[in-house]
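Reader: I would like to learn how to read a multidomain model with a ligand. Can we go through it feature by feature?

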Amino acid sequence: MAAAFPQGANDMPTAISRLRELAYNVWWSWNDDALQLFEHIDPKRFAASGYNPVRLLNEFEPGQLASLSENASFLESYRKVMARFDDYLQGASWYSTNYESSSNARIAYFSAEFGFHESLPIYSGGLGILAGDHIKSASDLGIPLIGIGLLYKKGYFTQKIDALGNQQSEMAAYDFTQLPLQPVLLDDRQLTVSIQLPFRSITLLVWSVQVGRTRVCLLDSDHEANAPEDRAITAQLYGGDQDMRIVQEIALGIGGIKALRALGVFPNVYHINEGHAAFLTLERLKELIQLGLPFHVAVETVRSATVFTTHTPVPAGHDAFNIGMVEHYLGPYFSEVAAHKQAIIALGQDQKTGLFNMTHLAMNTAGLRNGVSKLHGQVSREMFKEFHGHTDANEVPIGSITNGVHLDSWTAPAWKELFDRFLPGTWREEQANTHQWAQVEVIPDESIWKVHMQLKERLITYARKNLAAQRARNGESQERIDEVRGYLNPRALTIGFARRFATYKRANMIFNDLHRLKKLVNDPDRPIQLIFAGKAHPADYPGQDLIRDIYRISQMKEFLGKIVILENYDIHMARYLVQGVDVWLNNPRRPLEASGTSGQKAAMNGVLNFSVLDGWWEEGYNGTNGWAIGSTGQADWAQQERENTRSLYHLLENEIIPLYYNQGALPHQWISRMKRSIQSLAPVYNTHRMVQDYTVQSYLPTAERATLFVANQYDVATKVADYKQFIRNNWHQVRILAIEDKLPPSSEAEISPYDAAPSTKKVRAHIHFGPIWPQDTAVEIIYYEEIDESWHQKTVHMEPVGELIGQAQYFEASIPGHLYHGPHFSIRVRPISANFAHSFELSLVTSTLAWQEG
Ligand SMILES: *Cc1c(COP(=O)(O)O)cnc(C)c1O
């Protein structure tokens, strides 16, 4: 299936005929030489285009670029870039070298937002940028993956801050012919798919963005066949009400599957990136039911091929709809699978709230699930403990793969040049290997500081422009506008704080003691300064209050020009900030930041993290590569706020400021901390490592299981589905009849040579199974052991002894001699199968602990 450049590909002079092809592959967004090539054409126009190569080229009449094909230096750069581009597209990759011959994986990655570049505004913040970075690394690594998303005509909103500090949100419709978007063509016409809504059918146009080797298909409801209100379905990202949200999610999930089919793509791994996309599993169920599969077999088939990444550590953050709304909007869908309507609703219904919860749907239809940092994995396991029949939180089948960022997109070119000079030639491809980064040690301090100071000055220039533009637009006096030129001092310790203004991120925490802050900011010898930026969702009034508060503080005499708040935080501004400040501050309420990624961007640019031990920083911080605010203890919000505030000021005054200003010509100790930060964090918190983890832990095993499940007319899927049904129907017959734990030690019992008492003993349990085969269960002893001041669950497998008599059998195992049933250990029985994706796939447990009975 072809895709075409809307402007026609042949209007370029022959010598540079592939320039448009390059503009239409956002590969340029992370390749500095390609960006320079476009800049070379016309630096002013390139900046005015929003650094958008497609728009830049569209500004020239055919023929106007002819002079470029006579410009020797341009031609040389062009040839070099195109040669690298071709090598990239055709060359071997991590995946082709290691897995292509052994796996048939084909992955579809669904996400409501994608952030590739500032010129393609179909993202709002962290989630979208993560998805964009995931796609970029998938391309770099050669993963056979296709992305699916929505194309928002008006994107997210543009933020302005008025002279009172109020956020103004603005929306403009984008002209798709000016963006790196290509209509997907079928027989010379743009491909469309349709989804059914109550009393009408909606036509969705299919577009694609080429991201290196990887393609992302985007659906767009702005088609003339649709009613005006339906043309607006994909108008705005996170705009509108619940009705709009559910319709968008139907377009993404159900429309997305239809688009894949229209493209002839049949993946064996479907990755749901956050609950928004979970309706994809409903469309997959329908396909299988219509093929004639029984419902329970269809569910197992879908589950075998689905993986789910959850991003939200609070239940209130999960999308949920009332059942009436689901019945209404999915009415046409349910009419096609009428017999299974209740069973399908049950897949998403949260028993506690009665709502249809997209996270529950994803949990119930994904074989593998993961959170986005180790801590977030743990929080998610706690959160879904009940959902999984009260198993111990550690056994809840939700893993974690910690987020990362696309290193080539986020690291300043000047830093990459240093790495090119001092690191092994393979550092880019093997960036996830810690050894590649050892040589950061030998980069001269002078070189590091020179690069850092250049980036800091670049940020300050950028910030002043942003502030001057704010003031000019707000009709302020020329004097107030000019004043900005003296704002921010390149020699002052500069702290950055930029992220969504959600209240849990506590953007105003550093203002808890204004008096103390005044002293730090106005210290004549060792001043600090602060740069803030971020959008608050237009419906988030407490978030907008934060913006206003910070704006007002920034206008106080003592803080003017030393605390600033910039408007319209986006990928472009983020690059300046994470590359140009000295310290990156992050102080969310723990554990509400699932991962956080801006600090990872900062780290690869030698910027030091100063953060609460939440999300990725809990695992990234090693005591020497930045600073940790507060502790990992549990505390209520008020206490956490007090402790964190105290810790924040204490670290600033006693560690951060003294270290920064402990400089002769160069702050050697600070630089050595920058080096440790890069060495320890850059190899881990990049999306190459992350996508490799997804591939090895999630995609490859899922592709294998999905292939197994559908082989021979869904033979394994049918067996697993029937087995689960049988177990569910008969599990109530599993009973633990008796436990003997005072048996004398048998002759084989280990006798410690240093201790007369036997160190182990045998425990015997008598279990009734009913019609279930004992081989289809695991019988286990569970006890807890204290290691490093925390309790860890120990599981000891029990072996059958003797024959099955009257549906009951004895089991035995050895455990430490001092443990007794009841106070110290319990026994449990759970169903197992080699075809389960994980131990607790069926949340059925029979246990001698009353609360564990499933
Ligand atoms: C990286 C990034 C984010 C996410 O940052 P967090 O630290 O996860 O809050 C949000 N917005 C923009 C523009 C970014 O570049």
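Author: Start with the domains. This is a predicted model. The domain assignment of the protein chain gives domain 1 (2–90), domain 2 (106–159 + 168–400), domain 3 (407–424 + 443–685) and domain 4 (734–847).

Reader: How many residues do domain 2 and domain 4 each bring to their contact?

Author: Take the centres before the contact. Over C-alpha atoms, the centres of domain 2 and domain 4 are 43 Å apart. Domain 2 puts 12 residues into the contact, and domain 4 puts in 10 residues.

Reader: What area is buried between domain 2 and domain 4?

Author: First the general idea. Interface size is often quoted as the accessible area lost when the parts come together. Here, about 820 Å² is buried between domain 2 and domain 4. Carbon and sulfur atoms give 51% of that area.

Reader: Which three residues supply the most of the area that domain 2 buries against domain 4?

Author: Look at Asp-392, Glu-395 and Pro-397. They supply 45% of what domain 2 buries there, more than any other three residues.

Reader: Now the ligand. Which residues are closest to the ligand?

Author: The shell holds 14 residues, and the closest are Ile-129, Lys-505, Thr-597, Ser-598 and Lys-601. By type, the shell splits into 5 nonpolar, 5 polar and 4 charged residues.

Reader: Which atoms of Thr-597, Ser-598 and Lys-601 lie by an oxygen atom of the ligand?

Author: Separate backbone from side chain. Thr-597 places a backbone N or O atom 3.0 Å from a ligand oxygen atom. Ser-598 uses a polar side-chain atom, 2.5 Å from an oxygen atom of the ligand. Lys-601 also has a polar side-chain atom by a ligand oxygen atom, at 2.6 Å.

Reader: How much of the ligand's accessible area does the protein cover?

Author: On its own, the ligand has 390 Å² of accessible area, and the protein covers 94% of it. Helix 7 (126–141), helix 23 (571–580) and helix 24 (598–603) are the elements that give two or more residues to the shell.

Reader: Why does the ligand lie between domain 2 and domain 3?

Author: Check which domains feed the shell. Both domain 2 and domain 3 give residues to it, so the ligand lies between them.

Reader: Last, the backbone. Where is the cis peptide bond?

Author: Read omega. The bond joining Arg-590 and Pro-591 is cis, with omega about 0°. Pro-591 sits in the loop between strand 20 (583–586) and helix 24.

Reader: What is the phi of Glu-274?

Author: Its phi is positive, about 75°, although Glu-274 is not a glycine. Glu-274 belongs to the loop between strand 11 (269–273) and helix 10 (280–290).

Notes: Residues numbered from 1 in each chain as written. Predicted model: local features only at pLDDT ≥ 70, side-chain atom pairs only at ≥ 80, totals over all residues. Heavy atoms only, no water. Near = heavy atom within 4 Å. Polar contact = N/O pair within 3.5 Å; in protein donor to acceptor, adjacent residues only side chain to side chain. Areas by Shrake-Rupley, 256 points an atom, 1.4 Å probe, with all protein chains shown as cover. Helix = DSSP H or I, 4+ residues; strand = E, 2+ residues; numbered from the N terminus. Nonpolar A, V, L, I, M, F, W, Y, C, P; charged D, E, K, R; others polar. Domains from an automatic or database assignment. Contact = heavy atoms within 4.5 Å. Buried area = accessible area lost by both parts, 1.4 Å probe.
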